[in-house]
Amino acid sequence: MALSRFQLLKPPHTSVSTVSLFPRLPSSCSSCPRSRQRPSTSRRLCIPSSNPPIQDSINGETSSSTIVDGLLDFLNESWTQFHATAEAKRQLIAAGFQLLNESSDWNLQPGGRYFFTRNMSCLIAFAVGEKYRVGNGIHVIAAHTDSPCLKLKPRTASSKSDYLMVNVQTYGAGLWHTWFDRDLSVAGRVILKAGDGSFTHTLVKVKRPILRVPTLAIHLDRSVNTDGFKPNLESHLVPLLAMKLKEESADGSIQPCSSKATHHSLLLEVLAKELDCKVNEIMGIELNVCDTQPSCLGGGKNEFIFSGRLDNLASSYCALRSLVDTCKSPSDLADETAIRMVALFDNEEVGSNSVQGAGAPTMFQAMRRIVSCLTSDHIGEGAFERTIRTSFLVSADMAHGVHPNFLDKYEEHHRPELQKGLVIKHNANQRYATSSVTAFLFKEVAEIYKIPVQEFVVRNDMGCGSTIGPILASGVGIRTVDCGIPQLSMHSVREICGKEDVDIAYKHFMAFFRSFSSIDRNLSIDF
């Protein structure tokens with residue numbers, strides 16, 4: 001790769017470590033035998049001795065570990081952006097991270113590990129290197145917690161032909177036809193009123209299927225297979241809850257239930273039972289419609305992950321685990337000169353323009369506060385601005401793996417494959433924030449640890465999606481690379497990705513945290 005515009009300085013002599021390309025994954029899993037064993041492959045590389053070979057497990061086991069089981073648990077727990085954030089919070093506290101309050105003073109120290117949440121759908125976690133000095137960089141992996149789904153409208157109750165219906169609105173650009181004939185339920189958050197008049201915020205998840213969006217029988221729509229399935233999203237995508245209930249009037253006669261209620265009493269009763277509260281204690285709800293089918297391994301050799309919400313909880317989990325597992329002990333941060341950070345945002349699927357989205361200054365406000373807290377003596381002007389100029393952001397969002405049935409939809413020379421590693425995304429029109437410099441640096445991380453990497457550009461005759469990368473990059477001018485795990489069926493109610501790509505992404509992110517400081521100092525561009 002030509003870097004004629006840049007001066008790449010050779011690093012000083014360093015000690016040599018041997019790093020394995022792939023872990024030896026377990027020969028069996030809980031559901032089926034593993035398809036094959038990878039041969040042991042190693043390469044001698046010149047890397048700083050302070051960057052040890054990557055360890056894969058939170059408990060410090062050898063490279064035989066995999067995080068796939070952990071991802072499946074995370075997916076099955078995280079039906080909504082609120083549950084994903086709550087589960088991330090639980091894991092961070094269990095790992096020894098200190099919970100901060102955005103409304104309170106912060107007291108940060110080198111070697112400390114901290115995090116805070118906003119709206120219980122956005123989370124910022126960070127670890128301060130022991131050798132951090134103000135002006136050094138903050139190395140960030142950013143992802144998002146939300147996925148396309150159906151959300152309940154403020155007034156959910158409606159009825160047609162003696163069916164109780166639940167009014168929903170579409171969130172994001174989902175493949176809505178995939179939501180038909182699925183076993184659906186609800187999850188989200190509820191505001192409860194306590195006996196003393198105070199209010200509490202709690203999460204709810206109804207695990208059994210209570211909703212269904214049925215398709216129309218082909219006998220009543222003979223042209224559906226020739227003309228295509230084109231549902232009206234307002235009138236055809238309304239889930240069924242139950243047959244209309246009857247109630248007794250004062251004179252004992254049976255009357256239809258009132259249709260003037262904001263929510264069906266049956267829905268509120270289901271929620272109250274799940275929350276072990278009274279119906280009249282429910283003051284407000286914010287619920288997503290969710291598919292109840294669990295995330296699982298699939299394929300003839302169990303090489304795939306079948307799940308909803310892979311976009312983008314797979315990236316969120318890999319980022320979270322990589323941060324936790326690269327700062328488990330004080331020695332992990334002993335020689336670190338930078339700050340390691342993970343940022344998980346809400347509302348990416350609808351543009352990020354919210355208080356909990358990447359369009360808000362949440363991350364940069366946190367960075368400014370971190371710099372301010374760690375400033376002890378006079379350090380000259382522009383401390384925060386100098387920090388930003390030496391910082392680096394990895395925008396991690398799922399990528400388009402090549403679809404064998406639709407090869408013509410992909411640029412001929414950029415067709416990412418499953419099980420081949422992270423995909424670096426490029427777009428000349430800045431729909432992705434990757435530049436030649438940021439791509440080089442991220443690939444250099446992979447080269448040191450012998451981790452595979454791929455690249456993607458969209459065809460010139462097709463539009464290109466975007467990510468939080470350009471939003472954050474342009475916010476204050478932080479260097480950014482866009483990347484993602486390749487997947488199929490993006491934005492479907494059930495998506496698919498490769499099992500090995502999850503572990504490869506996890507290793508790449510850990511390598512980024514451990515080695516980027518030493519790599520970045522060897523590249524000179526503007527001076």
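Arginine 459 and aspartate 461 form a salt bridge, with their closest N and O atoms 2.7 Å apart. This is a predicted model. Arginine 459 is partly exposed, at a relative accessible area of 26%. Aspartate 461 has 56% relative accessibility and counts as exposed, because the cut-off for that class is over 50%.

That pair belongs to a wider set. The structure holds 14 salt bridges. Another of them joins lysine 205 to glutamate 77, at 3.8 Å from N to O. Lysine 205 sits in strand β11 (residues 199-205) and glutamate 77 in helix α1 (residues 68-77), so this bridge ties together parts that are 128 residues apart in sequence. The two ends differ in cover. Lysine 205 counts as buried, with 10% relative accessibility. Glutamate 77 is partly exposed, with a relative accessible area of 34%.

Glutamate 102 and arginine 118 make a further salt bridge, and here the closest N and O atoms are 2.7 Å apart. This pair also links distant parts of the chain. Glutamate 102 lies in the loop between β4 (98-99) and β5 (113-118), while arginine 118 lies in strand β5, 16 residues apart. Glutamate 102 is partly exposed at 27% relative accessibility. Arginine 118, with a relative accessible area of 13%, is buried, because the cut-off for buried is under 20%.

Now step back to the whole chain. Its secondary structure comes to ten helices and 26 strands. Of its 527 residues, 53% count as buried. The accessible surface comes to about 24,000 Å², and 50% of that belongs to carbon and sulfur atoms. Contacts reach far along the sequence. Among those between residues at least 6 apart, 77% join residues at least 24 apart.

Serine 395 gives a local view of such packing. This residue is found in strand β19 (residues 392-396). Its relative accessibility is 0%, so serine 395 counts as buried. What does serine 395 contact, leaving aside its neighbours within four places in sequence? One partner is Ala142. Thr467, Ile468 and Gly469 are also in contact with serine 395. So are Thr480, Val481, Asp482 and Cys483.

Next comes a helix. Helix α8 (residues 436-448) has 13 residues. From its first C-alpha to its last, α8 reaches 18 Å, close to the 18 Å expected at 1.5 Å a residue. How many of the 13 residues of α8 are buried? Ten are, so the helix is largely enclosed by the rest of the structure. The buried residues include Val437, Phe440, Leu441, Phe442, Val445 and Ile448. Thr438 and Lys443 are among them too, as are Ala439 and Ala446. Just after α8, lysine 450 takes a positive phi of about 55 degrees.

Finally, look at the enclosed space. The structure holds four cavities of 30 Å³ or more. The largest cavity contains about 190 Å³ of space. Its lining is made of 20 residues. Which of them lie nearest the centre of the largest cavity? They are Ser147, Pro148, Cys149, Trp179 and Arg309. Strand β15 (residues 282-291) provides the largest share of the lining, with four residues.

Technical notes. Residues numbered from 1 in each chain as written. Predicted model: local features only at pLDDT ≥ 70, side-chain atom pairs only at ≥ 80, totals over all residues. Heavy atoms only, no water. Helix = DSSP H or I, 4+ residues; strand = E, 2+ residues; numbered from the N terminus. Buried < 20%, exposed > 50% of the residue type's maximum accessible area, 1.4 Å probe, protein only. Contact = heavy atoms within 4.5 Å. Salt bridge = Lys/Arg side-chain N within 4 Å of Asp/Glu carboxyl O. Areas by Shrake-Rupley, 256 points an atom, 1.4 Å probe, with all protein chains shown as cover. Expected span 1.5 Å × (residues − 1). 1 Å grid on protein atoms, 1.4 Å probe; cavity = no way out; pocket = protein on both sides within 12 Å on 5 of 7 lines; lining within 4 Å. Points joined across faces, edges and corners; volume = space filled by probe spheres on them.
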